[in-house]
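Work through the exercises below with the structure open beside you. Try each task before reading its solution.

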Amino acid sequence: MLRYWTAGESHGKTLLALVDGFPAGLAIETDSIDADLKRRQGGYGRGGRQKIETDTVEVLTGIWQNVTLGSPIALQVINKDFKLERLKDLDRPRPGHGDLTGAIKYLGSIRGVLERASARETAVRVAAGALAKQLLVAFDIHCIGFVAELGGIAIEPQPGTISEQLQLRDESEIYSLDPSRDDEVKQLIDETGEAGDTLGGVLEVRVEGLPFGLGTHAQWDRKLDGRIAQAVMAVQAIKGVEIGLGFEAARRPGSKVHDPILYDESQKDTNTLGYSRPTNNAGGLEAGMTNGQPLVVRAAKKPISTLRKPLESINLETKEAELANYERSDVCAVSAAGIIIENVVAFEVATALVEKFGNDSIQEMLARRDLFLSMAQER
Ligand code: EPS
């Protein structure tokens with residue numbers, strides 16, 4: 001079983017991810033983990049914190065001479081803005097953050113909840129996902145996460161291969177797949193920031209090169225669509241997840257939803273085993289299993305809840321009506337969320353990959369993948 005946990009507070013000493021069940025024998029490049037950490041810090045509309053931090057990963061355990069050992073891998077991203085001991089508590093909870101509910105649930109301070117609820121923790125989720133992506137690349141599986149909509153502006157992705165689209169995303173300050181729309185979106189972010197407000201958006205993740213049969217129909221908690229939905233929904237500020245057509249599938253008749261099945265023998269040796277689908281409304285998943293088509297996941301991110309022009313709140317000490325606390329924050333972290341969602345989806349795909357092909361060593365996994373493909377071709 002491949003899994004991970006994280007630890008750390010937003011302004012605490014450090015952030016940690018403990019990745020357990022990662023196969024032995026994979027050469028790891030920390031540079032590509034760092035590249036994703038840098039991307040996560042970027043995107044237009046970020047606040048002052050990102051000028052302080054320069055996130056890089058430190059591998060503490062589980063890798064020797066750049067190669068995974070099959071033992072737990074501890075990843076660390078140190079907080080430069082470590083000041084937790086000096087920080088005061090808040091008294092006026094911010095609507096939309098965990099402040100009020102957390103202080104009541106734990107019978108404690110707002111600070112004690114917000115520090116862990118903060119999206120700062122996603123730095124190490126990205127590190128764990130970027131590690132998992134290196135496992136996926138060994139199977140020629142590639143992922144991209146991008147901004148499909150920001151503050152109500154839809155940005156149609158330009159078509160292309162994943163590597164072309166990754167390049168396009170790097171050209172966009174919004175991390176969309178159409179950099180020509182950047183100015184319009186940046187203007188909206190600027191105007192919103194000047195008004196003391198914040199913006200949300202819609203992220204899309206695509207994963208290509210998936211073999212048939214990752215995940216299973218056989219038990220609810222092992223269905224890959226369910227696992228992806230949990231991982232994505234568990235990212236800070238995500239309020240909705242769709243796979244393939246998502247909610248739109250509910251509005252159409254079956255003939256306009258389901259993807260017909262075609263066969264072309266010349267493609268028998270590929271991951272698709274020769275089966276093609278003229279549409280991919282299922283988003284690559286049927287009955288909780290990958291169906292040889294690209295995985296398509298979308299997520300709705302709400303606007304950041306720390307508003308420079310705060311909403312009404314209650315002072316928890318006096319119970320008097322007052323405006324919510326304001327702490328330095330971002331106007332828009334939608335672009336960063338595209339990177340985060342890409343990495344959490346990648347981790348779930350890697351989890352399903354090791355469930356299908358084992359997780360002792362990368363060599364055995366690849367041999368088992370080849371054996372499975374040759375057996376499936378004969379099916
Ligand atoms: C966050 C508040 C801000 C964000 C933070 C998430 O941090 P700070 O209070 O230090 O300004 O910038 O995100 C990050 C620090 C990050 O690295 O993504 C929050 O309250 O959720």
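**Exercise 1.** In this predicted model, find how far an oxygen atom of the ligand is from an N or O atom in the side chain of Arg-46. Then do the same for the side chain of Arg-120 and for the backbone of Ala-119.

*Solution.* Start with Arg-46: a side-chain N or O atom is 3.2 Å from a ligand oxygen. For Arg-120, the distance from a side-chain N or O atom to an oxygen of the ligand is 2.9 Å. At Ala-119 the atom is a backbone N or O, and it lies 3.1 Å from a ligand oxygen. The ligand on its own has 460 Å² of accessible area, and the protein covers 91% of this.

**Exercise 2.** List the residues around the ligand and sort this shell by class. Which pocket does the ligand take up?

*Solution.* First, the list: His-11, Arg-40, Arg-46, Arg-49, Gln-50, His-97, Ser-118, Ala-119, Arg-120, Arg-328 and Asp-330. Next, the classes: 6 residues are charged, 4 are polar and 1 is nonpolar. Finally, the pocket: the ligand occupies the largest one.

**Exercise 3.** How many disulfides does the whole structure have? Decide also whether Cys-143 is buried or exposed, and whether Cys-332 is buried or exposed.

*Solution.* Searching the whole structure for disulfides gives 0. For the second part, the cut-off for buried is under 20% relative accessible area. Cys-143 has 6% relative accessibility, so Cys-143 counts as buried. Cys-332 has 1%, so Cys-332 counts as buried too.

Terms used. Residues numbered from 1 in each chain as written. Predicted model: local features only at pLDDT ≥ 70, side-chain atom pairs only at ≥ 80, totals over all residues. Heavy atoms only, no water. Near = heavy atom within 4 Å. Polar contact = N/O pair within 3.5 Å; in protein donor to acceptor, adjacent residues only side chain to side chain. Areas by Shrake-Rupley, 256 points an atom, 1.4 Å probe, with all protein chains shown as cover. 1 Å grid on protein atoms, 1.4 Å probe; cavity = no way out; pocket = protein on both sides within 12 Å on 5 of 7 lines; lining within 4 Å. Sits in = over half its atoms within 2 Å of the grid points. Nonpolar A, V, L, I, M, F, W, Y, C, P; charged D, E, K, R; others polar. Disulfide = S-S within 2.5 Å. Buried < 20%, exposed > 50% of the residue type's maximum accessible area, 1.4 Å probe, protein only.
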